[in-house]
Amino acid sequence: MNENHKKILYHLIAVVVALTWGCTFVNSKILILHGMSPEEIFTVRFIIAYLCIWIFTPRRLFADNLRDEARMALLGITGGSLYFVAENTAIGISYVNNVSFIVCTAPLATTLLAIAIFRDVHATWKIITASILAVIGVGMVIFNGRFVLHLNPLGDALALCACLCWAVYSLLLRGVSKRYGAVFITRKVFFYGLLTMLPFFAVKPWTFPLAKFTDTAVWGNLLFLGLVASYICFLLWSWVTKKIGALKTTNYVYLNPISTVVVSAIFLDEPMKPMSFIGSLLILAGVFVANRQKNYS
């Protein structure tokens, strides 16, 4: 396989992962309807993922130094516990459309942070145009032609916190992926994500009864979230980030709403409208233009 074919493969993998993560909103919604809290869902899915990666991968315990180990802990917080708690708490107190739109602008936040922090990342008209196209597309898909501005300061602030968490996660991943393998990084994310989630249960204790885990809808969705969306997808995301760069990889997060509305239409009987199709095309156009930019990774 030549280099061009490899690059195409890396981008396709990033697309598949992003679309898979878009489906997880539906899986989580089904589990919430069965009585699980967002914190319980996160904990179980990361336990499943951690057990899988521990069994099937090398057992190196620590990073090369304390500074890098601290970065791994930050990855677990920003890409795991704090991100999920901020996002799901925001959904509970604010409007879902507001939260979804703010969180899905994470690639834009990542690009702006990268431009501000790294000397090798520069703002160009292509990047700006692509970001605007993608953000407009995300808005069209999420609001689906029914845009009404509802402000909830606390909920929207938490959604913005989740957005910034993913931006920081992406930039941290940009640095550590150059020195550590995808498997090691991913296992660290799962470990520190779980570790830093434990204090939340001191505030909000576990209530979901163990007997309900025998329900097919419960264990089936949890297996998908833990095995596919966490273990496999986080592993592939770390690997692809190493190959094509954090900024190009993160741009594919814009695709999340596309798979969300499609899966919702199939499993939750939430029909897609013409606005969603137009928005999806704008997202695809924005991602394509951004990822064609050279010296942008």
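A residue counts as buried when its relative accessible area is under 20%, as exposed when that area is over 50%, and as partly exposed in between. The exercises below concern a predicted model.

**Exercise 1. Classify V289 as buried, partly exposed or exposed, and describe its surroundings.**

Step 1. Locate the residue. V289 belongs to helix α12, which covers residues 274-291.

Step 2. Apply the cut-offs. The relative accessible area of V289 is 25%. Buried requires a value under 20% and exposed a value over 50%, so V289 is partly exposed.

Step 3. List the contacts. Leaving aside residues up to four places away in sequence, V289 touches K126 and A130.

Step 4. Compare sequence with space. V289 and S131 are 158 residues apart in sequence, while their C-alpha atoms are 8.9 Å apart.

**Exercise 2. Classify S170 as buried or exposed, and state which side chain its own side chain contacts.**

Step 1. Locate the residue. S170 is part of helix α7, residues 153-176.

Step 2. Apply the cut-off. S170 is buried, because its relative accessible area is 2% and the limit for buried is under 20%.

Step 3. Find the partner. The side chains of S170 and T250 form a polar contact at 3.1 Å.

Step 4. Complete the neighbourhood. Not counting residues up to four places away in sequence, S170 touches T110, A246 and T250.

**Exercise 3. Describe the overall make-up of the protein chain.**

Step 1. Count the elements. The protein chain has 12 helices and zero strands.

Step 2. Consider burial. Of its 297 residues, 51% count as buried.

Step 3. Consider the range of contacts. Among contacts in the protein chain with a separation of 6 or more, 89% join residues 24 or more positions apart.

**Exercise 4. Which residues touch the most other members of the largest nonpolar core, and which helix gives the most to this core?**

Step 1. Identify the residues. The largest nonpolar core has 75 residues, and L75 and W237 touch the most other members.

Step 2. Identify the helix. Helix α9, residues 216-244, gives the most to this core, with 11 residues.

Step 3. Examine W237. Not counting residues up to four places away in sequence, its contacts include A14, W21, W166, L173, T250 and V253.

**Exercise 5. Describe how helix α2 packs against α9 and against α8.**

Step 1. Take α2 (residues 38-56) with α9. Their axes are 8 Å apart and the packing angle is about 55°.

Step 2. Classify this angle. Angles under 35 degrees count as roughly parallel, and 65 to 115 as roughly perpendicular; α2 and α9 are therefore oblique to each other.

Step 3. Give the handedness and the residues. The crossing of α2 and α9 is right-handed. Among the residues that meet are I41, V44 and F46 in α2, and L222, L223 and F234 in α9.

Step 4. Turn to α8 (residues 182-203). The angle between α2 and α8 is about 145°, with axes 9 Å apart. The contact includes F42, Y50 and W54 of α2, together with V183, F190 and F201 of α8. The crossing of α2 and α8 is left-handed.

**Exercise 6. Describe the crossing of helices α3 and α8.**

Step 1. State the geometry. The axes of α3 (residues 66-93) and α8 come within 7 Å and cross at roughly 55°.

Step 2. Classify it. α3 and α8 are therefore oblique to each other, and their crossing is right-handed.

Step 3. Name the residues. Those that meet include M72, L75 and I77 in α3, and I185, Y192 and F200 in α8.

Terms used: Residues numbered from 1 in each chain as written. Predicted model: local features only at pLDDT ≥ 70, side-chain atom pairs only at ≥ 80, totals over all residues. Heavy atoms only, no water. Helix = DSSP H or I, 4+ residues; strand = E, 2+ residues; numbered from the N terminus. Buried < 20%, exposed > 50% of the residue type's maximum accessible area, 1.4 Å probe, protein only. Polar contact = N/O pair within 3.5 Å; in protein donor to acceptor, adjacent residues only side chain to side chain. Contact = heavy atoms within 4.5 Å. Core = buried A, V, L, I, M, F, W, Y, C linked by side-chain atoms within 4.5 Å. Axes fitted to C-alpha atoms, helices over the stretch in contact; angles between N-to-C directions. Parallel < 35°, antiparallel > 145°, perpendicular 65-115°, else oblique. Left-handed = near helix turned anticlockwise from the far one by under 90°.
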